[in-house]
Amino acid sequence: MNPYILATLLFGLGLGTTITFASSHWLLAWMGLEMNTLAIIPLMAQNHHPRAVEATTKYFLTQATAAAMLLFASTTNAWLTGQWNIDQMTHPLPTTMIILALALKIGLAPVHAWLPEVLQGLDLTTGLILSTWQKLAPFALLLQIHPTNSSLLMGLGLMSTMVGGWGGLNQTQLRKILAYSSIAHLGWMMLVMQFSPSLTLLTLLTYFVMTFSTFLVFKLNKATNINMLATSWTKTPALTALTPLVLLSLGGLPPLTGFMPKWLILQELSKQDLAPMATLAALTALLSLYFYLRLSYAMTLTMSPNNLTGTTPWRLPSIQLTLPLSMSLVATLTLLPLTPAITAMLTL
């Protein structure tokens, strides 16, 4: 892609998210979401592969449906209450519609079916943008709504953790596994959003750091399925030794960074007298942990069952930047000791 066009698209992507962040009016927020969607579509279709075009079409139709639903709900709210402000949603009907529209935008269960299929058709770099940056604008709106229907958020969150756990068990494609991982993590954020928005934001940021590391590891190894992970030890042995720790951090295993948000969320749910909900969420985390362990096992303790065609990649020098990967890897593995400082910041 021409660098000028790429710079324009990335600028549009950032501008759309920024407009949504800064808006207090539903029409401005909707405009920012639309700019965001229109900027990423050429990035998704740049490979001119049938799978990429199919994924782009599915993404466009899904996002257009969610945007139309959001616009209809905000118009209904203006008709019923006489105001367009995001932080003054008082009527339950448009609030419920907007929560469902934003759930469709970020891929929460039960409106999640598009996310694994779309992510599977993209390259790892665009998939990383879709899994991280594209979640920011809808989350900013969800945090501003102060929903009146808390049981809806709890239901979406619990269903997402279950679907994200069960869906990833039988997958062999890494991008689909990461998509179900995204659904499960978003479910955890939804569970605690109404009780502690700052904790939801912390969970989102730690998820971004861990997902950034995972995508960059797979990109460095050019791995798209589990079999291709088995050859990674010949390319980058040190990274192969550290990658299972990144995957287990995504699963929420102590003493790694991913344990921190899940621990704090379970603690908050228990404080709110929702011990059964916390127990169910913890059990669904075991499902996710299983397929992360499966990836770790395939990467470190198995050899590839077949000879992969193509140039032997470990004989060629890598031209990829490794500084972003090393920084995110350190953050993924070592942020847990900062938990007391982070909790002190959350209580300010």
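1. In this predicted model, domain 1 and domain 2 bury about 2,000 Å² between them, and carbon and sulfur atoms account for 77% of that area. On the domain 1 side, Gln120, Leu124 and Leu128 deserve attention, since together they supply 31% of the area that domain 1 buries against domain 2, more than any other three residues.

2. As to the division itself, domain 1 covers residues 1-129, whereas domain 2 is assembled from two segments, 149-306 and 321-347. The contact between them draws on 20 residues from domain 1 and 24 residues from domain 2, and the centres of the two domains, taken over C-alpha atoms, are separated by 23 Å.

3. A helix pair also merits comment, namely α10, which spans residues 197-221, and α14, which spans residues 259-271. Their axes come within 9 Å and cross at roughly 160°; because angles over 145 degrees count as roughly antiparallel, α10 is described as roughly antiparallel to α14. The crossing in which α10 passes α14 is left-handed.

4. The residues that α10 brings to this pairing are Leu199, Leu202, Thr203 and Thr206, and they meet Met260, Pro261, Leu264, Ile265 and Glu268 in α14. Sorted by class, the contact of α10 with α14 comprises six nonpolar, two polar and one charged residues; the polar class is represented by Thr203 and Thr206 of α10, and the charged class by Glu268 of α14.

Technical notes. Residues are numbered from 1 along each chain as its sequence is written. This is a predicted model: local features need pLDDT of at least 70, side-chain atom pairs count only at pLDDT 80 or more; totals for chains, interfaces and linings use all residues. Side-chain values use heavy atoms; hydrogens and water are left out. Axes are lines fitted to C-alpha atoms, for helices over the stretch in contact, and angles run from 0 to 180 degrees between N-to-C directions. Helices (H or I, at least four residues) and strands (E, at least two) are DSSP runs, numbered from the N terminus. Angles under 35 degrees count as roughly parallel, over 145 as roughly antiparallel, 65 to 115 as roughly perpendicular and the rest as oblique. A crossing is left-handed if the near helix is turned anticlockwise from the far one by less than a right angle, and right-handed if clockwise. Contact means heavy atoms within 4.5 Å. Domain bounds come from an automatic or database domain assignment. Buried area is the accessible area (1.4 Å probe) that two parts lose on being put together, summed over both.
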